[in-house]
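Work through the exercises below with the structure open. Try each task before reading its solution.

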Amino acid sequence: MNCRVCDSTNLELAVDLGSQPWCNHFLKLEEIGKEPFYPLRVLYCHDCSTAQLDYTVKKEIMFGNHTYLSGITKSLSDHFRTVAQDIDQRFFLDIQTKSVLDIGSNDGTQLKHFQELGYEVLGVESSKTTAKIANESGITTLNEFFNLELVQRLNRKFHIINAAGVFFHLEELHSVTEGIREALLDNGVFVVQFLYMKRIVENLAFDQIYHEHLLYYNLKNIEVLLNRHRLEMFDAYLAPIHGGSIVGFVTHKGKRQVSDRLQSLRKAEIDEQSNEFATYLKFAERIKQMRLENLAYLEASKKHGKKIFGFGAPVKGNTMLNYFGVGTQYLDCLVEKNELRRNLYSPGMHIPIVIEKEVSSLPNIYYVLAWNFKKEILANNQHLIDKGVEFYFPVNPREV
Ligand SMILES: [Zn+2]
């Protein structure tokens with residue numbers, strides 16, 4: 001295959017997570033055992049250093065009807081508000097009629113914050129259910145896949161284009177990036193928010209690797225991609241979302257000066273060899289070790305008669321459960337807030353999901369799959385901790 005970013009054929013296997021089901025399809029009872037499995041392998045490009053999956057599950061399968069709602073967690077919604085206020089104040093305060101386009105706009109959480117600031121908003125969301133929820137709450141949302149063809153049909157330009165957590169999903173990477181350039185006003189700013197691969201590696205957060213995430217970005221390789229489309233990052237910072245995400249600010253090439261904080265982030269990647277193949281190989285070794293440690297912990301807990309529930313049923317949790325081989329021999333259920341997942345089972349390991357407010361007994365241990373909300377989870381569940389329930393975090397993200 002060719003590198004998805006630079007077209008090079010100089011790719012090499014870095015991380016192999018085996019064969020995994022598509023992790024965003026929680027199963028109905030009658031679907032158990034019928035789910036297809038696909039290879040989950042990360043290749044490294046020796047030319048542009050992009051880490052990427054070699055196997056693509058078709059986007060129509062992956063994004064037709066997902067059940068992830070971004071409005072559901074307070075910390076994420078707060079983050080989206082901060083992003084909206086920050087970009088408005090820095091770049092568009094003096095402009096009267098201003099507009100924003102959100103790619104992968106989910107239930108409209110990000111756009112609501114722009115609407116409050118007086119923006120004309122438009123969302124593009126591929127999930128039918130989620131787009132409907134957004135439209136019903138007053139956020140105009142097209143139920144489509146974003147690409148150059150859609151931009152040409154819309155024939156409209158925007159002050160701000162936002163893409164949070166979708167830029168690594170994209171099968172049509174170059175068409176999407178070209179579409180962004182085309183739809184961005186001359187003085188416009190494209191805000192790209194993505195999981196920071198450097199952090200994933202440092203935190204051993206390998207559960208962020210799954211079929212929907214085709215690409216894994218550090219600044220170096222996303223800048224290769226942007227530059228190919230005459231776009232340029234001029235500012236970026238690291239936010240504590242999902243264990244460490246980059247919020248990058250991009251504009252047409254040569255339009256704005258590169259900030260000091262972006263320069264220091266770039267330098268840190270070089271100093272810490274974040275874009276070297278050897279770093280990825282070390283990461284793969286440490287994940288193997290982590291698997292053994294987790295299995296030993298769960299095995300010992302079970303031997304001591306402990307009752308263990310999973311905390312959260314996030315999509316990424318399925319990568320971890322399937323790679324570790326953790327199923328109902330350890331976890332009785334996965335306790336989850338999102339009611340769209342009621343009565344469903346985790347793909348691959350078939351652990352039943354129970355809605356949080358309907359849990360009828362307490363476990364001795366909560367094995368926390370939604371580790372990226374560690375602070376929030378510990379704060380909200382102090383009453384359980386006081387009763388002696390242990391919260392075990394398989395991934396412990398560093399503070400940002
Ligand atoms: Zn490449």
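**Exercise 1.** State how H10 and H11 are oriented to each other.

*Solution.* H10 and H11 are roughly perpendicular, the class for angles of 65 to 115 degrees. Step one: their axes, lines fitted to C-alpha atoms over the stretch in contact, come within 10 Å. Step two: the axes cross at roughly 80 degrees, on a scale of 0 to 180 degrees between N-to-C directions. Step three: list the contacts (heavy atoms within 4.5 Å). From H10, residues including Ile 287, Met 290 and Arg 291 meet Met 320, Tyr 323 and Phe 324 in H11. The contact residues divide into 6 nonpolar, 1 polar and 2 charged.

This is a predicted model; local features need pLDDT of at least 70, side-chain atom pairs 80 or more, while totals for chains, interfaces and linings use all residues. Numbering starts from 1 along each chain as its sequence is written, and side-chain values use heavy atoms, without hydrogens and water.

**Exercise 2.** Find the helix that gives the most to the largest nonpolar core.

*Solution.* A nonpolar core joins buried Ala, Val, Leu, Ile, Met, Phe, Trp, Tyr and Cys residues through side-chain atoms within 4.5 Å. Buried means under 20% relative accessible area (1.4 Å probe, protein chains only). The largest core has 104 residues, and Phe 206 and Phe 283 are among those with the most contacts inside it. Helix H10 (a DSSP run of H or I, at least four residues) gives the most, with 9 residues.

**Exercise 3.** Is helix H6 largely enclosed or not?

*Solution.* Count first: 8 of its 11 residues are buried, so H6 is largely enclosed by the rest of the structure. The buried residues include Glu 178 and Arg 181.

Methods. Buried means under 20% relative accessible area, exposed over 50%, partly exposed in between (1.4 Å probe, protein chains only). Helices (H or I, at least four residues) and strands (E, at least two) are DSSP runs, numbered from the N terminus. Angles under 35 degrees count as roughly parallel, over 145 as roughly antiparallel, 65 to 115 as roughly perpendicular and the rest as oblique. Ala, Val, Leu, Ile, Met, Phe, Trp, Tyr, Cys and Pro count as nonpolar, Asp, Glu, Lys and Arg as charged, and the others, Gly among them, as polar.
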